[in-house]
Amino acid sequence: MATPSSRDAVDDIVEAWERERPQLDFSPLKILSRVTRLARQLERTRRASFGVAGLETWEFDVLAALRRAGAPHELSPKALLEQTGVSSGTMTNRIDGMVRRGLVERRGDPNDGRGVLVSMTADGRARVDAAIADLVAAEARLLSGLSTADQERLAALLRRLALDMG
């Protein structure tokens, strides 16, 4: 049981449910409700970090995929949609908008006469680099209450949970 100084809203919610429905096991809520609340906080943190660089979350996702691809920082639209998990039509619209903003360029694929490659512009690279630097610093602050060992344990447990759910 959590001490009064270490209680959070989930403790109160679970306690209330246990009082109202004592025949049910609310232990999953103790974990997954916290994961949900943490995800909301993380989403706010990410939006703020991307905003520092003048990017929307989806723009960061595309630019990050291009940046992680390594030099020359270009991928096919199909590779981008596979990495970002969006539909073909959505990816086309995203690329169009990013071309208009000067974040990416389209060019013909020299290995496929009909293919297209999407490359990051210098502005796109500068923005994604600024966003990721801000993001890792912000996320480190969020995790600063946990020791390195606790962070590694938590990462391993979350990986296992994600794989089991996956």
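**Entry 1: H3 against H6**

I started where Phe60, Leu63, Ala64 and Arg67 in H3 meet Gly124, Arg125, Val128, Asp129, Ala131 and Ile132 in H6. A reminder to myself before going on: this is a predicted model. Sorting the residues of this H3–H6 contact by class, I get six nonpolar, one polar and three charged. Next I looked up the geometry: the axes of H3 and H6 cross at roughly 100° and come within 10 Å. H3 is therefore roughly perpendicular to H6, since angles from 65 to 115 degrees count that way.

**Entry 2: H3 against H4**

I stayed with H3, which spans residues 57-68, and turned to H4, residues 77-84. How far apart are the axes of these two helices, and at what angle do they pack? I found the axes 10 Å apart and the angle at about 115°. H3 and H4 are therefore roughly perpendicular to each other. Their crossing is right-handed. On the H3 side, the contact is made by Asp61, Val62, Ala65, Leu66 and Arg68, and on the H4 side by Leu80, Gln83 and Thr84. By class I note four nonpolar, two polar and two charged residues in this H3–H4 contact.

**Entry 3: the largest nonpolar core**

Which residues touch the most other members of the largest nonpolar core? I wrote down Leu55, Phe60, Leu63, Leu66, Leu80 and Val104, out of 23 residues in this core. I then asked which elements supply at least two residues of the core. They are H3, H4, helix H5 (88-100), strand E3 (112-120) and helix H6 (122-142). H3 gives the largest share, with six residues.

Leu63 had turned up in the H3–H6 contact and again in the core list, so I followed up on its own contacts. Setting aside neighbours within four places in sequence, I find leucine 63 in contact with Leu55, Met98, Leu103, Val104, Met120, Gly124 and Val128.

**Entry 4: H1 against H2**

I moved to the start of the chain's helices, with H1 at residues 9-20 and H2 at residues 27-52. The axes of H1 and H2 come within 10 Å and cross at roughly 140°. That makes H1 oblique to H2. The crossing of H1 past H2 is right-handed. From H1, I list Ala9, Val10, Asp11, Ile13, Val14, Trp17 and Glu18 in the contact; from H2, Leu29, Lys30, Ser33, Arg34 and Arg37. The residues of this H1–H2 contact divide into six nonpolar, one polar and five charged.

**Entry 5: two residues of H2**

Is threonine 45 buried or exposed? Threonine 45, which sits in H2, has a relative accessible area of 12% and is therefore buried, as buried means under 20%. Not counting residues up to four places away in sequence, threonine 45 touches Ala138 and Leu142.

Serine 27 is in H2 too. At a relative accessible area of 32%, serine 27 is partly exposed. I also checked a long span: serine 27 and glycine 145 are 118 residues apart along the chain, and their C-alpha atoms are separated by 24 Å.

**Entry 6: the loop between H3 and E1**

I looked here for backbone details. Proline 72 lies in the loop between H3 and strand E1 (74-75). A cis peptide bond joins alanine 71 to proline 72, with omega at about 10°. Histidine 73 is in the loop between H3 and E1 as well. What is the phi of histidine 73? I read a positive value of about 60°, although this residue is not a glycine. Histidine 73 counts as buried, at 9% relative accessibility.

**Entry 7: arginine 101**

My last stop was the loop between H5 and strand E2 (104-109), where I found arginine 101. With a relative accessible area of 38%, arginine 101 is partly exposed. Which residues does arginine 101 touch, not counting those up to four places away in sequence? I noted Gly54, Glu59, Asp123 and Arg127. Arginine 46 is 55 residues from arginine 101 in sequence, and the two are 21 Å apart in space, C-alpha to C-alpha.

Key. Residues numbered from 1 in each chain as written. Predicted model: local features only at pLDDT ≥ 70, side-chain atom pairs only at ≥ 80, totals over all residues. Heavy atoms only, no water. Axes fitted to C-alpha atoms, helices over the stretch in contact; angles between N-to-C directions. Helix = DSSP H or I, 4+ residues; strand = E, 2+ residues; numbered from the N terminus. Parallel < 35°, antiparallel > 145°, perpendicular 65-115°, else oblique. Left-handed = near helix turned anticlockwise from the far one by under 90°. Contact = heavy atoms within 4.5 Å. Nonpolar A, V, L, I, M, F, W, Y, C, P; charged D, E, K, R; others polar. Core = buried A, V, L, I, M, F, W, Y, C linked by side-chain atoms within 4.5 Å. Buried < 20%, exposed > 50% of the residue type's maximum accessible area, 1.4 Å probe, protein only.
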